[in-house]
Amino acid sequence: MITLILTLLMPAFVLVAGIVLGLLMKGVDRKFAAYFQSRIGPPVLQPFYDMGKLMMKQSIIPENAVTWIFKGAPVTALSSSVLLLIYIVVPYFLYLSGVNHFFLQAGDLIVILYVLAIPTVALVSGGFSSGSPYAAIGAQREVVLLMCVELPLAVTTITFATKMSAVCESCPSFSLTTIASHPVWNTMGPMGILGGMMLLLSFVFIVPAESAKIPFDQGEAETEIAEGLLAEYSGKYLAFIQMADGVKSLALVSLTVILFFPHGFTDLTGLRITGGGYDFTLAADVVLFFVKIFAVYFLLITTVRVIMARFKISQAAKILLLTITVVSLSGYMLIYLDTFISAL
Amino acid sequence: MIRKKISLKNLKRSLWAFHLNTGSCNACDIEILATLMPRYDAERFGIKLVGTPRHADVLLVTGTVTEKIKDKVLRVYEQVPEPKLVIVIGGCGSTKGVFQESYAMAGPIDNFIPVDVFIPGCPPRPEAIVYGIAKAWEKIEESEKRNGAAS
Ligand code: SF4
């Protein structure tokens, strides 16, 4: 029964909640960015107003576009972002609520790594198919970014898998549930903590690069290549792309939270909240998760976006391929040494 | 016109502007940026500058139209999806201003595209620009009312 409910209702719920929360985060992000610049900023619900307007507007299909790819790309981007969110968030909440379900093992880091590429690839093909030179330039840049960010992300994945296989030998080491149930910081010596910090530092660059935010928004640089990838999109297709962007940022931030700060309420305080015969710990966990998401979103996306300028595409590639890969590799080395030493 | 049929109500909360320079002296353009800066902060009304006419709801046209840019103005206007507004900023665009006798100027802008609001001034102050946008919103409201009465 519960399997049926989960498989039928859960995707629909995550779709709606993901879009709403993603747009809300975008609004909060714009508000905070405005505070940084000592402006008042738009209302928090501004992205919803924007969506409402975009849905009403005419959607123009350019004459020399490949119509089916052009139309399909935004929807693909949105649905694959939602898929990503499902793979990241649902196993975590299943683990927190203690339900035993086959989906518990579904949140596999390697699957996530691949699904993470789909929205970008969809948008890139949409950009190439739109027949605008600006969109083609933007799409090329996006492909470069996609390839560059893959390497540090893979290193991080392997680090976590190595760590998990050392911590818990019988658990599936790539599974997010394993990572959530054995928070990395708990079992590490000083060297390992330093390594974890380095991985976190590399995530400060990986998350904006994956979600195409400043300083890594070369693909849609509105001041130099007229919004690049999105140059020809209008009306409801643009709305879909915006929603996909919100959901994808949300998924990335949730991934960061689950990788680095997966502590539930009980892990932190050792308490369970009960009242009137019900157990409210899960509710507390959900609230805690949202607080963490907002904090990480603020630090990793809003702050980075406001205090930095856009890199040139060559600089961005160099930074991601060399600097960030070296940072995450040294994180890997430190954590490996740490587990090695503590195993002695 | 098609413009009347689609509801313009949603533009009141979120207005994305594309800035089209048709040969202005750049003073008007700087004033548009000043409108977006912390002192006047147009973003709190949901106004945002976008980089491509495809995303725009309103064309902010500055400068009188030079002979060379005539047909490009039309092309950009056609690229903006319906419903759309056109706001002309500056004396140049409204009346040709100081370029009255110039052989190189084909303007003013309303010779080529339908204009909703003129904001005179050389250049107009940010207050005037915000007022002009408020006028555009008023216009939207009026057309809504007229449509409501007709149907
Ligand atoms: S109206 Fe005045 S300030 Fe504006 S573009 Fe013309 S000459 Fe320049």
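# Exercises on a two-chain predicted model

Across the interface of chain A and chain B, 16 residue pairs make polar contact, with both partners at pLDDT 80 or more. Keep in mind that this is a predicted model.

**Exercise 1. Work out which parts of chain A face chain B, and what kinds of residue they bring.**

Start with the elements. On the side of chain A that touches chain B, those giving two or more residues are α2 (46-56) and α10 (235-260) of chain A. Next, pick the main contributor: α2(A) gives seven residues, the largest share of that side. Then sort the residues by class, which yields 13 nonpolar, eight polar and eight charged.

**Exercise 2. Size up the interface: how many residues of each chain are in contact, and how much area is buried between chain A and chain B?**

Count residues to begin with: 29 of chain A are in contact with 28 of chain B. Now take the area, which comes to about 2,300 Å² buried between the two chains, with carbon and sulfur atoms giving 53% of it. Finally, look for the big contributors on chain A. Arg39(A), Lys53(A) and Lys57(A) together supply 26% of the area that chain A buries against chain B, more than any other three residues.

**Exercise 3. Find the salt bridges made by Lys53(A) and Arg39(A), and place them in the overall count.**

Get the totals down: the whole model has 16 salt bridges over all chains, and six are counted between chain A and chain B. Go to Lys53(A), whose side chain meets that of Asp57(B) in a salt bridge at 2.7 Å, N to O. Move on to Arg39(A), which forms a salt bridge with Asp41(B), with the closest N and O atoms 3.1 Å apart. To place this second pair, note that Asp41(B) sits in the loop between α2 and β2 (47-49) of chain B, while Arg39(A) is in the loop between α1 (2-36) and α2 of chain A. Both distances pass, because the cut-off for a salt bridge is 4 Å.

**Exercise 4. Trace the surroundings of Leu36(B): where is it found, and which residues is it in contact with?**

Locate the residue: Leu36(B) is in helix α2 of chain B. Skip neighbours within four places in sequence, and its contacts are Arg39(A), Asp41(B), Ala42(B), Ile47(B) and Leu49(B). So Leu36(B) touches both partners of the Asp41(B)–Arg39(A) salt bridge, going by the 4.5 Å contact cut-off. For one backbone distance, try Leu49(B): it is 13 residues from Leu36(B) along the chain, and their C-alpha atoms are 8.6 Å apart.

**Exercise 5. Describe the shell around the ligand.**

List the residues around the ligand: Ser24(B), Cys25(B), Ala27(B), Cys28(B), Gly90(B), Gly91(B), Cys92(B), Gly121(B), Cys122(B) and Pro123(B). Assign them to elements, and α2 (27-36) and α4 (91-95) of chain B each supply at least two. Split the shell by class to get six nonpolar, four polar and no charged residues. Now check the backbone: Cys122(B) and Pro123(B) are joined by a cis peptide bond, with omega about -10 degrees. Pro123(B) lies in the loop between β5 (117-119) and α5 (126-150) of chain B.

**Exercise 6. Hunt for unusual backbone geometry in the α8–α9 loop of chain A.**

Have the general rule handy: most residues other than glycine have a negative phi, and most peptide bonds are trans. Ala212(A) lies in this loop, and its phi is positive, about 55 degrees, although it is not a glycine. Pro215(A) is in the loop between α8 (190-210) and α9 (222-225) too, and the peptide bond from Ile214(A) to Pro215(A) is cis, with omega near 5 degrees.

**Exercise 7. Decide how far to trust the coordinates.**

Look at the complex: the predictor gives an ipTM of 0.80 and a pTM of 0.86. Chain B averages a pLDDT of 82, with 91% of its residues scoring at least 70. Residues 1-5 of chain B fall below 50, and this stretch has nine contacts beyond near neighbours in sequence. Low pLDDT means the predicted coordinates should not be read in detail.

Terms used
Residues are numbered from 1 along each chain as its sequence is written. Chains are lettered from A and ligands numbered from 1 in the order in which they are written. Side-chain values use heavy atoms; hydrogens and water are left out. Buried area is the accessible area (1.4 Å probe) that two parts lose on being put together, summed over both. A polar contact is a pair of N or O atoms within 3.5 Å; within protein, one must be able to donate a hydrogen and the other to accept it, and residues adjacent in sequence count only if both atoms are side-chain atoms. Helices (H or I, at least four residues) and strands (E, at least two) are DSSP runs, numbered from the N terminus. Ala, Val, Leu, Ile, Met, Phe, Trp, Tyr, Cys and Pro count as nonpolar, Asp, Glu, Lys and Arg as charged, and the others, Gly among them, as polar. A residue is near a molecule or strand if one of its heavy atoms lies within 4 Å of it. pLDDT is the predictor's confidence in each residue, from 0 to 100.
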